[in-house]
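Open the model in a viewer and keep the sequence panel visible. The stops below go from the whole chain to single residues.

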Amino acid sequence: MGGAIRRRSIGTLAQGAQARYRTDDQESHKRFTRRNISLQTQVHAAAAEAVLSAMRIALYQPDIAKNTGTILRLAACLGVEAHIVEPAGFPTSDRAFRRAGMDYLDRVSLVRHASWQAFERWRRDAKLRLVLLTTQAGHNYLDHRYAPDDVLLFGRESSGVPPEVHAASDARLIIPMQPGLRSINVAMACAMALGEALRQIGGFPRLG
Ligand SMILES: C[S@@+](CC[C@H](N)C(=O)[O-])C[C@H]1O[C@@H](n2cnc3c(N)ncnc32)[C@H](O)[C@@H]1O
């Protein structure tokens, strides 16, 4: 499958692990990455091997849990790794997601970053391209050439992303809308952009 790689389904961090993970801001990125991977592998050692698309999505400080739940379900179904850039406007622990009825949680490869800076350290170290979906762009998302090393970033429901995040992005894309309308729901925007990106790189799960 073009643009797809076989990776262990790493799932989310467990509660105890998450508490330690949150300190990553004070640590070197290398140490954080090593520890993060090993914790995730420990937590979900029994998880089945999953075929994950190489493409990733990221949510910048999301503030509506239901939208995040919808997006994580999409990520699980399409085999795409999801990243949350914290702080979020709601608790993002496993327990909180489960309480909110996130029944696909065990099937999501989810990585939480304690801050924008921590996310950027991870992304730059992994040499991934940041593709921001924003209403403040002039480039049509259908005209962009997506690549397996893209991270598709979506802004928070209340305010999108700050200028610093705009500036750090390698590409800024808009889903064209009717004049005078503000924005598309973030989960819908994610489905549209991810669908186009996976179509281009041949990243959808195989049928059968
Ligand atoms: C509800 S919107 C945020 C609206 C916010 N007031 C703003 O100006 O960015 C949440 C996120 O969905 C995505 N989004 C919504 N509509 C979009 C569009 N037409 N084109 C690209 N991204 C869009 C963006 O990532 C945006 O940050």
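Begin with everything selected: of the 208 residues in the protein, 35% are buried. The model is predicted, so colour by confidence before going further. The mean pLDDT is 80, and 75% of the residues reach 70 or more. Now select residues 1-48, where the pLDDT is below 50. Beyond near neighbours in sequence, this stretch has 75 contacts in the model.

Switch to a cartoon view. The protein has 7 helices and 9 strands. Taking contacts between residues at least 6 apart in sequence, 82% join residues at least 24 apart.

**The sheet**

Select the strands of the open sheet. There are 7 of them, paired in parallel, and reading across gives β5-β4-β3-β8-β6-β9-β7. Which strands form the edges? They are β5 (110-113) and β7 (139-140), each of which pairs on one side only. Add helix α7, residues 186-201, which packs on the sheet and touches β3 (56-60), β6 (129-133) and β8 (150-154). The direction of α7 makes about 160 degrees with that of β8.

**Strand β4 and its partners**

Zoom in on β4, residues 81-85. Is this strand enclosed or open to the outside? Burial here takes 20 or more other C-beta atoms within 10 Å; 5 of the 5 residues of β4 meet that condition, so the strand is largely enclosed by the rest of the structure. Show side chains to see that both faces are covered: Glu81, His83 and Val85 are buried on one side, and Ala82 and Ile84 are buried on the other.

Next, display the neighbours of β4. With β5 it pairs in the parallel sense over 4 bridges, and with β3 it pairs in the parallel sense over 5 bridges. His83 is a useful residue to centre on. Towards β5 it stands opposite Val111, and it is also the bridge partner of Ala58. Further along, Val85 has His113 as its bridge partner in β5.

Stay on β5 for a moment. Leu110 and Arg112 point one way from this strand, Val111 and His113 point the other way, and all are buried.

**A cis bond and two positive phi values**

Backbone geometry is the next topic. Most residues other than glycine have a negative phi, and most peptide bonds are trans.

- Select Glu86 and Pro87: the peptide bond joining them is cis, with omega about 5 degrees. Pro87 sits in the loop between β4 and α4 (94-99).
- Select Gln61, which is not a glycine but has a positive phi near 40 degrees. It belongs to the loop between β3 and α3 (65-78).
- Select Lys127, another non-glycine residue with a positive phi, here about 55 degrees. It is found in the loop between α5 (116-125) and β6.

Are Gln61 and Lys127 buried or exposed? Gln61 is buried because 20 other C-beta atoms lie within 10 Å, the number at which a residue counts as buried. Lys127 is exposed because it has 7 other C-beta atoms within 10 Å, and the limit for exposure is 12 or fewer.

**Two alanines in helices**

Move to Ala96, in helix α4. It has 14 other C-beta atoms within 10 Å and is therefore partly exposed. Leaving out residues up to four places away in sequence, Ala96 touches Phe90 and Pro91. Draw a distance from its C-alpha atom to that of Ala65: the separation is 9.6 Å, for two residues 31 apart along the chain.

Then select Ala167, in helix α6, residues 163-168. It counts as exposed because it has 10 C-beta neighbours inside 10 Å. A distance drawn between the C-alpha atoms of Ala167 and Leu132 gives 10.0 Å, and these residues are 35 apart along the chain.

**The ligand**

The last selection is the shell around the ligand, which holds 15 residues. Which of them come nearest? They are Leu133, Gly155, Gly160, Ile184 and Ala189. Colour the shell by class to find 8 nonpolar, 6 polar and 1 charged residues.

Methods: Residues are numbered from 1 along each chain as its sequence is written. pLDDT is the predictor's confidence in each residue, from 0 to 100. Two residues are in contact if their C-beta atoms, placed from the backbone, lie within 7 Å. Two strands pair if DSSP finds at least two bridges between them. Axes are lines fitted to C-alpha atoms, for helices over the stretch in contact, and angles run from 0 to 180 degrees between N-to-C directions. A residue is near a molecule or strand if its C-beta atom, placed from the backbone, lies within 6 Å of it. Ala, Val, Leu, Ile, Met, Phe, Trp, Tyr, Cys and Pro count as nonpolar, Asp, Glu, Lys and Arg as charged, and the others, Gly among them, as polar.
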